[in-house]
Amino acid sequence: MAEKLTKQISQLDLSSPLPTNAHVKGAGYSASAQTTLKHTKPRKPQTGADSPLQTRPASPYTLRAPVDSDGLSWPSIGARERIEEDEEAKQGREKRISDAVKVILEELGEDTNREGLLETPERYARAMLYFTKGYEDNIRDVIKRAVFEEDHDEMVIVRDIEIYSLCEHHLVPFFGKVHIGYIPNKKVLGLSKLARLAEMYARRLQVQERLTKQIAMALTDILKPQGVAVVIEATHMCMVSRGVQKSGSSTVTSCMLGYFRESQKTREEFLGLVGKR
């Protein structure tokens, strides 16, 4: 067999030049192979919409700085406009929201002139502006001068911080408790500021997973600690009052950075202390 293969190789004419179209894709292939190459369409890069689960690319929050140069933290598109508005512009915004709510009520078949609904559109507009006021909060005003030099390198935990937020998918509330822990690196933060930080991010249109990560990343940016851990336990009205209607369910999310991510023992200590009642 080996002798036969050697003989076949020796009979090849290696001195013949390559075909003039050798640089063309498919040259040198058999006729059937060239036909396949000719009729095969180049594969398009797969997008989220083409994937089996029809998923969409998420906003790359982790690729953005937690705090902008002007002190806003992950602001919405119109956050700066809201901050800079004068009283007349604020009233105009509130009026446009209330007019839109009136249309919604009418489309639901309600009588917007009946006593119970007469001022509902205006009340709702004011409520929504309050529920989303976290976009306007400047993190420097939230923290102020509450970062202190302190020779402490043991875990600091504030647990059971109540939060109320709005699910951005259905615009209905979710609420629960936040537990925040960090290991200082010669700097500590006033304890009440941890609650203020959680409140700032909660008063936006949110998903719980993002809210958890935002609190952790902002605290890391402010203190540069050895580690940060955030756990949120929340009840979502979009799950409790509609859809599957599972009233006893709760959602737990966590974000571990630094030592809390690297060290299982440190992580377990934090989770153990948070779980104690």
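Which side chain of opposite charge is nearest to R204, a buried residue that has no salt bridge? In this predicted model, that side chain is D137, at a distance of 6.8 Å.

**View 1. The surroundings of R204, a buried arginine without a salt bridge.** R204 is found in the loop that runs between α7 (191–202) and β5 (205–206). Although R204 has no salt bridge, a polar atom of the R204 side chain lies 3.0 Å from the backbone oxygen of W74. W74 itself belongs to another loop, the one between α2 (31–39) and α3, and with a relative accessibility of 3% this tryptophan counts as buried.

**View 2. Two residues other than glycine with positive phi, W74 and K144.** The phi angle of W74 is near 50°, and that of K144 is near 55°. Each residue is placed in a loop, W74 between α2 (31–39) and α3, and K144 between α6 and β1 (147–149). As to accessibility, W74 is buried at 3%, whereas K144 is exposed, with a relative accessible area of 59%.

**View 3. The salt bridge between R82 and E136.** The side chains of R82 and E136 meet with an N to O distance of 2.7 Å. Because R82 lies in helix α3 (residues 79–84) and E136 in the loop between α5 (120–131) and α6 (139–143), the pair ties together parts that are 54 residues apart in sequence. R82 counts as buried, its relative accessibility being 11%, while E136, at 27%, counts as partly exposed. A search of the whole structure finds 11 salt bridges, and the two views that follow show further pairs.

**View 4. The salt bridge between E199 and R203.** In this pair the closest N and O atoms are 2.9 Å apart. E199 is partly exposed, since its relative accessibility is 22% and the range for that class begins where buried, under 20%, ends. R203, by contrast, has a relative accessible area of 10% and is therefore buried. Elsewhere, salt bridges that share partners join D68, D70 and R80 into one network.

**View 5. The salt bridge between E119 and R123.** The side chains of E119 and R123 meet at 3.9 Å, taken from N to O, a value that falls within the 4 Å cut-off for a salt bridge. R123 counts as partly exposed, with a relative accessibility of 41%.

**View 6. A negative surface patch that includes E269.** The patch is formed by E150, D151, D153, E154 and E269. Of these residues, E269 has its place in helix α11, which spans residues 264–275, and at 44% relative accessibility it counts as partly exposed.

**View 7. V103 in helix α4, shown together with P121.** V103 is found in helix α4, which comprises residues 87–107, and it is partly exposed, with a relative accessible area of 45%. Along the chain, V103 and P121 are 18 residues apart, and their C-alpha atoms are separated by 9.3 Å.

Definitions and conventions
Residues are numbered from 1 along each chain as its sequence is written. This is a predicted model: local features need pLDDT of at least 70, side-chain atom pairs count only at pLDDT 80 or more; totals for chains, interfaces and linings use all residues. Side-chain values use heavy atoms; hydrogens and water are left out. Helices (H or I, at least four residues) and strands (E, at least two) are DSSP runs, numbered from the N terminus. Buried means under 20% relative accessible area, exposed over 50%, partly exposed in between (1.4 Å probe, protein chains only). Patches are made of residues with over 30% relative accessible area and no salt bridge: like charges are joined within 9 Å, nonpolar side chains (Val, Leu, Ile, Met, Phe, Trp, Tyr) within 5 Å. Accessible areas come from the Shrake-Rupley method with a 1.4 Å probe; for residues, only the protein chains shown count as cover. Lys and Arg count as positive and Asp and Glu as negative; His and the chain ends are not counted. The place of a charge is taken as NZ of Lys, CZ of Arg, CG of Asp or CD of Glu. A polar contact is a pair of N or O atoms within 3.5 Å; within protein, one must be able to donate a hydrogen and the other to accept it, and residues adjacent in sequence count only if both atoms are side-chain atoms.
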